Amino acid sequence: MEPITLEAEGLLLNRWQPSHLADLAKTYADKDIERFLVMPLPWAQKSRERHLDVMRRMWSTGNPQWAVTDHTGRFMGSVGLRTSGPKIYTITYLTAPWARNTGVAQRAVRAASAFAFDSLDAKRISWDAICGNHFSRLVAQRVGYSIEGWSRNAVFQRGVMRDVWFGGLVPGDIRSADQPPPGFARLKAQAQYFSRAQEELDTETPGLRLVPLSEEHLDDVTVTCQDEQSQKWTTVPANYTRTHSRTFLTAVSKVWERGETAVYALADAHGRYQGTIDLRLGGFHRSEGSVGYMSAPWARERGWMTAALRRICRLGFDDLRLEKINWSALANNEASLRVARKAGFTVEGTLRGHQDTPEGPREDMVIASLLPDQLN
């Protein structure tokens with residue numbers, strides 16, 4: 001296959017030239033990009049010298065690779081297609097740091113995907129990205145790719161196994177520039193939030209903050225989960241140990257990385273753990289969330305969990321653009337229900353026999369919800 005230049009809504013997808021290499025090296029050196037590249041870094045001089053030859057050979061074997069430029073010739077990124085099976089291609093793309101937030105990747109991916117369907121008779125284009133690369137995922141969604149799941153320990157990145165999102169595009173799926181997917185503004189807000197390092201949140205209660213769960217909290221988490229009331233009303237494992245807490249901390253970092261759940265520890269003015277609260281995303285087009293919380297024995301009956309719940313719900317509505325937040329608890333958990341009601345939740349009903357228990361019959365669950373204008 002001979003190299004072909006494509007127009008891409010004000011961009012050009014060009015054959016690679018020597019003039020592109022210096023800007024490609026700067027792009028590979030960017031810290032935000034380095035986080036999600038699998039290739040060895042820094043980019044060695046030997047690899048740089050071979051790059052143009054590799055790109056030529058890719059074209060000759062039916063794997064188109066383009067440098068993306070504006071109409072002045074300025075390097076803006078790259079996009080490529082690689083065969084991964086009969087009529088199946090995998091797309092890769094990269095945006096130069098100076099071209100971020102200009103729609104470069106979206107326009108280039110749309111043009112390359114259309115080329116695969118129209119000129120290569122592709123029946124599927126696969127996409128993947130290391131979990132946490134929210135902006136690559138957002139580009140894929142904007143063009144029409146469906147996110148189909150994630151795989152654990154799917155790639156080896158410079159000494160570390162990383163989880164990977166994967167998805168795909170089939171003929172007829174491409175979305176035009178004026179056809180964003182449903183809820184795209186919300187998806188963008190959520191991508192921006194989970195792309196940042198998790199920050200502390202102030203609450204309306206002096207001295208009470210919501211902070212990222214960390215190693216220093218694990219002893220208190222263990223004691224809290226061993227507590228009789230925690231064992232009675234939550235699903236924490238019986239015979240809870242510090243090993244369980246460490247496993248939980250690892251899981252917390254994974255669900256943050258995937259943009260699924262924000263977990264916070266309640267901390268007093270001295271930084272001591274006072275409980276845990278989380279907001280899990282879900283629902284149609286990620287428009288809903290659900291909350292869960294657990295107070296440390298020494299922090300109960302102080303109103304702190306109510307303040308924490310109000311704060312995390314405000315985060316859900318303001319930062320994550322949720323339209324509804326759900327709550328549930330075992331039917332007799334009056335303490336948890338009081339907290340939810342004080343924050344403005346409305347009880348919707350009871351799910352009979354909804355919750356499994358380690359021993360004995362299934363238990364009923366009370367469900368409630370909160371809308372943005374009902375937050376107290």
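# Reading rings, cores and contacts

Me: Buried or exposed: which word fits Trp 66 and Phe 115?

Reply: Trp 66 and Phe 115 are both buried. Buried means under 20% relative accessible area, exposed over 50%, partly exposed in between (1.4 Å probe, protein chains only). This is a predicted model, in which local features need pLDDT of at least 70, side-chain atom pairs count only at pLDDT 80 or more, and totals for chains, interfaces and linings use all residues. Residues are numbered from 1 along each chain as its sequence is written, and side-chain values use heavy atoms, with hydrogens and water left out.

Me: How many aromatic pairs does a search of the whole structure find?

Reply: A pair of aromatic rings is described by centre distance and plane angle. Rings of Phe, Tyr and Trp (its six-membered ring) pair if their centres lie within 6.5 Å; planes under 30 degrees apart are stacked, over 60 edge-to-face, the rest tilted. Searching the whole structure gives seven such pairs. Take Trp 66 and Phe 115: their ring centres are 5.5 Å apart and their planes stand at 90°, so this pair is edge-to-face. It links distant parts of the chain, with Trp 66 in strand S3 (residues 65-69) and Phe 115 in helix H4 (residues 104-119), 49 residues apart. Helices (H or I, at least four residues) and strands (E, at least two) are DSSP runs, numbered from the N terminus.

Me: Why is the pair of Phe 194 and Trp 256 edge-to-face?

Reply: Look at the angle. The planes of Phe 194 and Trp 256 are at 65°, with ring centres 4.8 Å apart, so the pair counts as edge-to-face. This pair also links distant parts of the chain: Phe 194 belongs to helix H6 (residues 184-195), Trp 256 to helix H9 (residues 242-257), 62 residues apart. Phe 194 and Trp 256 are both buried.

Me: Which residues form one aromatic cluster with Trp 59?

Reply: Trp 66 and Phe 115 join Trp 59 in one aromatic cluster.

Me: What sits over the ring of Trp 165, and what over the ring of Trp 150?

Reply: A charge sits over a ring if NZ of Lys or CZ of Arg is within 6 Å of the ring centre and within 35 degrees of the ring normal. Over Trp 165 sits the charged end of Arg 137, 4.8 Å from the ring centre. Over Trp 150 it is the charged end of Arg 258, at 3.7 Å.

Me: Which residues touch the most other members of the largest nonpolar core?

Reply: A nonpolar core is a set of buried Ala, Val, Leu, Ile, Met, Phe, Trp, Tyr and Cys residues joined through side-chain atoms within 4.5 Å. The largest one has 51 residues; Leu 13, Trp 66, Val 79, Leu 81, Ile 91, Tyr 93 and Tyr 145 touch the most other members. H4 supplies the largest share of this core, nine residues. A second, separate core has 36 residues, including Tyr 193, Leu 208, Leu 210 and Ile 277.

Me: With which residues is Ile 91 in contact, leaving aside neighbours within four places in sequence?

Reply: Contact means heavy atoms within 4.5 Å. On that count, the partners of Ile 91 include Val 79, Leu 81, Val 109, Ala 112, Trp 127 and Tyr 145.

Me: How many disulfides does the structure hold?

Reply: Zero. A disulfide is a pair of cysteine sulfur atoms within 2.5 Å. Cys 225 has a relative accessible area of 2% and so is buried. Cys 313 is buried too, at 0%.

Me: Where does Leu 187 lie, and which residues does it touch?

Reply: Leu 187 is in helix H6. Its relative accessible area is 12%, so Leu 187 is buried. Not counting residues up to four places away in sequence, Leu 187 touches Leu 138, Gln 141, Pro 182, His 285 and Arg 286. Leu 187 and Leu 320 are 133 residues apart in sequence, yet 8.2 Å apart in space, C-alpha to C-alpha.

Me: What is the relative accessible area of Asn 326?

Reply: Asn 326 comes to 21%, so it is partly exposed. Asn 326 lies in strand S14 (residues 324-330). Leaving out residues up to four places away in sequence, Asn 326 touches Glu 288, Gly 289, Ser 290, Val 291, Phe 345, Ala 368 and Ser 369.

Me: How many helices and strands are in the chain?

Reply: The chain has eleven helices and 16 strands. Of its 376 residues, 49% count as buried. Its C-alpha trace spans about 70 × 40 × 40 Å along the principal axes. Among contacts between residues at least 6 apart in sequence, 63% join residues at least 24 apart.
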